[in-house]
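Student: I'd like a close look at one helix pairing, please. Could you then connect that part to the chain around it and to its partner chain?

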Amino acid sequence: MAELIIETTNLTRNYGDICALKPLDLQVPEGEWLTVMGHSGSGKSTLMNLVGGLDRPSAGSLQVGGKDLLAFTEDGLARFRREFVGIIFQQHHLVPYLTAVENVMLAQYFHSVPDEAEARSSLERVGLGHRLKNRPGELSGGEQQRVCIARAIINSPKLLLGDEPTGNLDQKSTLMVMELLKELRAEEKFTVIMVTHNQEVAAWGDRTIYLNDGMLVREESRLKVAEV
Amino acid sequence: MATLLKLIPHLFAWFGIVLIMLRGFSGRRSSVMLAGMIGFVIGVTGTFILFRSYPGSVTFGVVKSVLGMSFILLWGCSVVAIYRSTDRAKVMSWGKRLIKTPSTAIIASCLAGVGAGAVCTCRLSAATTDGVAMASVLLLLAAGAVAYIALAFEKRMPEAFKVSPAGMLAIVTALLLFSASSILRLDLFSPLSMKVMKGVHDFVHQFMESILIPDHLFVRSYIWKTIGLLFSKEVGFWGGMVIWFTPAILIVLAIQFERLPAVAHIRQGAQRRRVLVDAIRARRYRALIPVFALLLLAAATYQSCFPSVEYWDPKPLPVTAGSSGEIIIPKKGEINLEDGKLHKYIFRQGVKEARFFVLMTPAGELTVDLDACAICKPDGYGQAEGSVICYYCKTLIPLETVGKPGGCNPVPIPFTENGDSVVVDGLTLINSWSATVQATARVKEGGK
């Protein structure tokens with residue numbers, strides 16, 4: 001049995017009177033690909049933000065990589081994010097006036113020191129060796145998402161979070177991105193937690209959990225989905 | 001109480017010394033604390049005994065020599081540090097091993113304590129002559145408390161804040177020099193700049209004597225105009241500055257030149273970069289210490305150039321000669337010549353004038369001297385803390401030696417004591433002033 005990379009107990013997040021995430025117990029073993037599904041407002045992104053150290057829970061405990069995130073100061077959380085987590089957003093969030101390689105180097109800069117050779121090689125790994133000097137506006141949606149992946153993995157995170165990374169992509173680009181993630185995960189051995197609405201994308205994961213109105217309502221392993 | 005207040009800056013320096021020693025010899029807190037405090041007690045009691053056994057000038061001389069030696073040691077270490085940074089000094093690993101031994105930590109802490117204790121006792125002695133023993137006891141108690149606070153503070157400092165051995169020596173020496181610079185007779189920068197000035201002058205004279213400087217009619221004025229620059233006061237100051245700051249600058253450079261760890265074998269890029277950035281950050285932290293030492297040395301220079309000591313410098317009183325040409329100054333009256341203070345007078349004869357002073361030395365003898373020496377421009381003297389100071393070159397002349405000729409001592413004038421008055425020959429005074437002081441002033445101003 002692999003060690004747990006994420007372990008939550010009664011994890012709760014309230015925004016005023018609204019309970020975005022109701023007490024949640026969740027365990028994610030190291031190296032697993034977990035997909036989170038649910039309707040809009042079901043608490044998927046809230047969960048992602050909590051696990052990624054972008055937000056703090058209202059109650060409960062949250063252990064990521066054996067560390068209690070509630071005990072971290074703001075600086076500690078920032079360090080945790082830059083050293084432990086890689087995030088891929090649906091909207092890319094690339095800096096528009098920087099080239100692809102510079103966007104990747106930016107992540108290196110905040111982590112430690114920029115290394116252009118390494119950033120180039122990372123982009124080459126995601127198949128963008130010929131687009132190094134292009135700005136985001138000059139890239140297609142799929143290519144931009146691949147830059148995001150290169151940026152997310154450049155600091156060798158233990159945990160890769162994807163918040164609907166294929167939400168804006170066509171089927172062909174989606175397939176390309178998912179294959180790339182699968183390949184990188186096999187090489188780098190990171191854990192993936194991915195939010196999606198797409199059942200086909202969810203099928204790439206080892207396990208899927210369903211949230212509804214902030215509650216965990218269903219959980220399916222890949223084998224079970226396959227059976228279904 | 002006022003005397004104890006004057007010790008506050010020195011106790012701050014002691015705090016810094018303890019803090020840096022504790023961090024520099026990390027893992028040896030108790031031995032560093034104990035050795036440092038023992039050293040401080042030795043410094044205080046040793047200096048106290050010296051003051052009791054010998055004249056103050058001897059004690060100040062001893063403490064000043066100790067400080068001078070620590071500065072020379074700093075110079076040596078800075079040169080070694082910069083040499084090591086060139087990566088040609090593989091054979092010098094014994095030095096690294098030596099620094100890590102417990103005995104080095106104990107000896108270094110003890111010596112630093114001795115220096116700090118001695119400087120504090122000099123401050124006590126310079127500030128007051130009464131109750132020094134009691135004040136010394138209070139000083140020891142205060143030093144113990146300060147060391148304890150430093151220990152508590154050091155435990156809360158971030159782990160990343162590390163001190164290199166050379167940086168530790170730089171900051172400890174700088175703290176000692178800064179502490180000493182507020183005591184006129186322990187200040188090292190003024191004598192250093194004087195030595196530089198004298199060295200330059202001697203160098204030029206040697207060249208002249210060796211006839212290495214061309215002395216032809218066509219070039220003479222040009223050459224002397226250029227050489228004259230070397231005789232300015234600024235040469236001593238800037239030369240002293242170079243010698244004063246170079247060791248700390250060399251240590252900063254040595255830290256900056258330190259090689260980063262080899263990372264080529266680390267396969268994962270992020271880990272490789274993390275190792276590099278950690279090494280760069282640690283190097284920056286280490287460089288902070290000698291940079292701070294530079295600031296302290298700058299503060300010491302400032303204190304040396306603009307001492308906070310208030311000099312006793314009375315306005316010269318005009319005196320006249322009688323029909324026999326003699327100036328008669330009563331020993332007691334409006335002014336008491338035997339109060340141990342400098343009493344200045346000015347004598348005018350036609351267009352000529354001469355400044356002089358009367359002083360009773362600690363030996364109980366009256367002395368009459370020109371308010372100028374035979375070397376410097378006649379800027380005069382002030383009196384403070386058991387010495388008179390030449391305003392031009394900032395040389396301190398112990399009161400015991402005032403009245404003796406030579407060097408930067410005030411030029412003594414023959415006089416007689418006639419019962420209740422001091423008698424000086426006016427013509428001798430004017431001639432003496434004209435012959436030595438005004439001639440010297442012309443030499444300095446003309447650059448030749």
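Tutor: Happy to: we'll start with the pairing, then move to the loops beside it, the whole chain and the partner.

This is a predicted model, where local features need pLDDT of at least 70, side-chain atom pairs count only at pLDDT 80 or more, and totals for chains, interfaces and linings use all residues. Residues are numbered from 1 along each chain as its sequence is written, while chains are lettered from A and ligands numbered from 1 in the order in which they are written.

The part to look at is the pair formed by helix H5 (residues 141-153) and helix H6 (residues 171-188) of chain A, whose axes lie 10 Å apart at an angle of about 15 degrees. Helices here are DSSP runs of H or I of at least four residues, strands are runs of E of at least two, and both are numbered from the N terminus. Axes are lines fitted to C-alpha atoms, over the stretch in contact for helices, and angles run from 0 to 180 degrees between N-to-C directions. With that angle, H5(A) is roughly parallel to H6(A); the cut-offs are under 35 degrees for roughly parallel, over 145 for roughly antiparallel, 65 to 115 for roughly perpendicular, and oblique for the rest. The crossing of H5(A) and H6(A) is right-handed, a word used when the near helix is turned clockwise from the far one by less than a right angle, with anticlockwise being left-handed.

Which residues make the contact? H5(A) brings Gly141(A), Gly142(A), Gln145(A), Arg146(A), Ile149(A) and Ile153(A), and H6(A) answers with Ser173(A), Met176(A), Val177(A), Leu180(A), Leu181(A), Leu184(A) and Glu188(A). Two residues are in contact if their C-beta atoms, placed from the backbone, lie within 7 Å. Sorted by class, this contact holds seven nonpolar, four polar and two charged residues. Ala, Val, Leu, Ile, Met, Phe, Trp, Tyr, Cys and Pro count as nonpolar, Asp, Glu, Lys and Arg as charged, and the others, Gly among them, as polar.

Now for what flanks H5. Ser140(A) sits in the loop between helix H4 (116-125) and H5 of chain A, and this serine is exposed, with 12 other C-beta atoms within 10 Å. A residue is exposed at 12 or fewer such neighbours, buried at 20 or more, and partly exposed in between, again with C-beta atoms placed from the backbone. From Ser140(A) to Leu50(A) the C-alpha distance is 30 Å, across 90 residues of sequence. On the other side, Ser156(A) belongs to the loop between H5 and strand E7 (159-163) of chain A. Ser156(A) is partly exposed, with 19 C-beta neighbours inside 10 Å, and its phi is near 50 degrees, a positive value in a residue other than glycine. As a rule, most residues other than glycine have a negative phi. Asn10(A), in strand E1 (residues 4-15), also has a positive phi near 50 degrees.

Another loop worth a look is the one between strand E3 (33-38) and helix H1 (44-51) of chain A, where His39(A) is found. His39(A) is exposed, with 12 other C-beta atoms within 10 Å. The C-alpha atoms of His39(A) and His197(A) are 7.6 Å apart, although 158 residues separate the two in sequence.

Stepping back, chain A has eight helices and 10 strands. Its radius of gyration, 17 Å, is close to the 17 Å that the globule rule gives for 228 residues, so chain A is as compact as a globular protein of that length; the radius is taken over C-alpha atoms, and the rule is 2.2 Å times the number of residues to the power 0.38. Of those 228 residues, 42% count as buried.

What about the partner? Chain B has 13 helices and 11 strands, and 39% of its 448 residues count as buried. Eight residues of chain B touch eight residues of chain A, and the chain B side comprises three nonpolar, three polar and two charged residues.

Chain B also offers a helix pair to set beside ours: helix H8 (residues 165-181) and helix H11 (residues 233-257) have axes that come within 10 Å and cross at roughly 155 degrees. That makes H8(B) roughly antiparallel to H11(B), and the crossing is left-handed. The contact of H8(B) with H11(B) has eight nonpolar residues, one polar and no charged.
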